[in-house]
Number of protein chains: 2
Amino acid sequence: MTSSSESRPSLGIAETRSVELCRDGLALDSGIKFGPITVAYQTYGTLTPNRDNAILVCHALSGGAHAAGYLAGQKKPGWWDVMIGPGKAFDTNRYFIISSNVLGSCYGSTGPASIDPASGRPYGSHFPVVTVRDMVNVQRHLLDHLQIPSLLMATGGSMGGMQALQWAVSYPERVRSVIAIATTHRHSPQQIAFNEVARQAIMADPEWKDGDYYDGDGPRLGLGVARMVGHVTYLSDAGMERKFGRRLKGRERYGYQFKALDFEVQGYLQHQGESFVDRYDANSLLFLTTALDYFDLSNGCNSLSEAFSGVKSIFMLIAFSSDWLYPPYQLKEVAQAIRRSGGDATYCEINSDYGHDAFLLEHRQQDPLVKSFLERAAHETRGFALTPGNWEL
Amino acid sequence: MTSSSESRPSLGIAETRSVELCRDGLALDSGIKFGPITVAYQTYGTLTPNRDNAILVCHALSGGAHAAGYLAGQKKPGWWDVMIGPGKAFDTNRYFIISSNVLGSCYGSTGPASIDPASGRPYGSHFPVVTVRDMVNVQRHLLDHLQIPSLLMATGGSMGGMQALQWAVSYPERVRSVIAIATTHRHSPQQIAFNEVARQAIMADPEWKDGDYYDGDGPRLGLGVARMVGHVTYLSDAGMERKFGRRLKGRERYGYQFKALDFEVQGYLQHQGESFVDRYDANSLLFLTTALDYFDLSNGCNSLSEAFSGVKSIFMLIAFSSDWLYPPYQLKEVAQAIRRSGGDATYCEINSDYGHDAFLLEHRQQDPLVKSFLERAAHETRGFALTPGNWEL
């Protein structure tokens, strides 16, 4: 179990399935009734006969349903492959893991690049504004489809952590535990500001065409800049110093050329921007960052602890010391609010110089926390799953 | 002296002068010989008969020679008006203050928007890469022109602080003291990365035209995005929370509209981007951020303390607790290196939630530090100014 992820058994081939849900329309937070909604999802492991070992893994901004294993013919594992698999933190020998692509994304679920049945053309600017709660409501429909009465756990990092927290608040009867990682109960103005810069970079690109660019190249340069902004915020000062320092790229002295690409870190960022453009839809970045900014668990309540007053889950909140995009104080506030509401919250701060990206990388430090908390959830919340009326199959 | 800056006497009308220097060309760090160089500058106060009360104030990325007072017909005071004036930290009743626009900028000194005498058209992409040392060398020529043998002090914040440090290293005989504020001896990869994002935003704009855009509108949208990136890094998390929180702009509930401008912080950033475009040249941002990234006082030395081994100035280094763009640890390292080299360095960390912008705003906390250090410099380094051969008038 302590060997490196590379040598640990993988799930092998993962398969993405797809289902059409909400044919009568889902009532979105914006007031719009929207449907049908296609949901792309993957599952790993086996559901127990009494259906009590399901874990919903929620992805972050640029993720998708492909959380673990390998897609046929592809070399890149899922985004949380270090955490999901036989013997791993989310042990597929014991648990049934569900991972679905969120509403508004571009990896198989309905999003702005999907065909609007009303027009026969991509939604583009006609896609409705969606929220984290809308995403969770779609996931609830997926659970209904899969006939899962309640989740043993909802979990995820960053935007995925917001979904996990929203699960506990929206569906207290259907989620027994939550591990929310590197996230917050609401975006600070600084977090909104970084998203705003990314959106402005996309919208400044003339190829964006107000969001209706699907018959052209799309805002490739703007999306690249947006991704670069994001990437700087995902790393830490100390991590970048370790990874790049002031090392030059392919030369020994400063080049002093206009547009010179002298520093390694410049090349890294440009590569991140360019490679993202081939795998992501700019409108999805606009809509999902908007969802992040609107997210506020305390919205409509007098306090955050009031928002948690009806929850039944037990919580683990995991923050990383060098994550300055989602600084630890935010999850500490969440833990305090949960406890103030009478709930059960464990707060963990992992020492790491990986910054926000740590939730994807620090599996050795996360593994024991996740495993022990899953044990606790399985034992201490057992009655919960069997509550009659909890959910009718 | 403790009254607010608004009620304190101002310099009144400031005047920008201009001089053509380096007619035979200045040897730049890049190896290019470049000239003539026009320098726009302002002076405040009166030079003593023995010319020993001159202070060079160095501006940051978007600043210019207009550091204090008001330009005729304009309502906005100079960028450091809170610090420079009668009775202020840099007391114009006692000191002779010089402020010049740096090489590469767009406020009167030679920069990429200036006319290249060789072609009769703006330099644009043909402007040479300049460094902080090049800027300081031009300032040295300005001092020669003004017949100032040595500076009582070189000072400035951010890029201005780099120039002040470079002065001590480049011209140890001509600068008696340095106050470097909210700055560093070299950019970390994170600092390079934020600059790179800003540059990429400009270069992604098709109106940039590889830098030769002066017969068109120029990269207005790209420059706006670049400025927004900058602005987020100039503020602090806590400061933004205090200033904006999650307050909505002109509405009570979320609008859930595509491209919605719901949060105040979004409007603020967009305004910062748009207003900058009317007052700044995009190529200057490219060239000056490049100069920032190349800046490394220890370049060519075995250590930073070796770089300071020949300096004669006394130093004060002022950092701000919430400045995460130029975090305090960087100036702490500078102070340690100066002391290790046998020099005299005072390190001060001011508690503030203004982030990097604090050097422009926290005058009440800076005033006593600057005043007392100027007294020390005037008394303890008096012999210095009179050293024969120091500089021949």
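A crossing of two helices is left-handed if the near helix is turned anticlockwise from the far one by less than a right angle, and right-handed if clockwise. This is a predicted model, where local features need pLDDT of at least 70, side-chain atom pairs count only at pLDDT 80 or more, and totals for chains, interfaces and linings use all residues. Residues are numbered from 1 along each chain as its sequence is written, while chains are lettered from A and ligands numbered from 1 in the order in which they are written.

**Exercise 1. Describe how helix 3 of chain B packs on helix 7 of chain B.**

Step 1. Helices here are DSSP runs (H or I, at least four residues; strands are E, at least two), numbered from the N terminus. Axes are lines fitted to C-alpha atoms, for helices over the stretch in contact, and angles run from 0 to 180 degrees between N-to-C directions.

Step 2. The two axes come within 10 Å and cross at roughly 160°. Helix 3 of chain B is therefore roughly antiparallel to helix 7 of chain B. As for the cut-offs, angles under 35 degrees count as roughly parallel, over 145 as roughly antiparallel, 65 to 115 as roughly perpendicular and the rest as oblique.

Step 3. Now the hand: helix 3 of chain B passes helix 7 of chain B in a left-handed crossing.

Step 4. Look for the residues that touch (C-beta atoms, placed from the backbone, within 7 Å). Among them are B:Ile192 and B:Ala198 in helix 3 of chain B, and B:Leu285 and B:Leu286 in helix 7 of chain B. By class, this contact has seven nonpolar, two polar and two charged residues. Ala, Val, Leu, Ile, Met, Phe, Trp, Tyr, Cys and Pro count as nonpolar, Asp, Glu, Lys and Arg as charged, and the others, Gly among them, as polar.

**Exercise 2. Do the same for helix 3 of chain A and helix 6 of chain B.**

Step 1. Helix 3 of chain A covers residues 189-203, and helix 6 of chain B covers residues 264-277. Their axes are 9 Å apart, at an angle of about 50°.

Step 2. The two helices are therefore oblique to each other, and their crossing is right-handed.

Step 3. A:Pro189, A:Ile192, A:Ala193 and A:Glu196 meet B:Val265, B:Gln266 and B:Leu269. This contact has five nonpolar, one polar and one charged residues.

**Exercise 3. Find how the two chains are related and which parts of chain B touch chain A.**

Step 1. Chain B superposes on chain A by a rotation of 180° with 0.0 Å of shift along its axis (RMSD 0.0 Å). The two copies are thus related as by a two-fold rotation axis. The fit is by least squares on the C-alpha atoms of residues with pLDDT of at least 70 in both.

Step 2. In this pairing, 44 residues of chain B are in contact with 44 residues of chain A. Helix 3 of chain B gives the most to its side, with nine residues. By class, that side has 25 nonpolar, ten polar and nine charged residues.

**Exercise 4. Judge the confidence in chain A.**

Step 1. pLDDT is the predictor's confidence in each residue, from 0 to 100. Chain A has a mean pLDDT of 94, and 95% of its residues reach 70 or more.

Step 2. Over residues 1-5 of chain A, however, pLDDT is below 50. It also stays under 50 over residues 388-393 of chain A.

Step 3. For the complex, the predictor gives an ipTM of 0.94 and a pTM of 0.95.

Notes: Contact = placed C-beta atoms within 7 Å.
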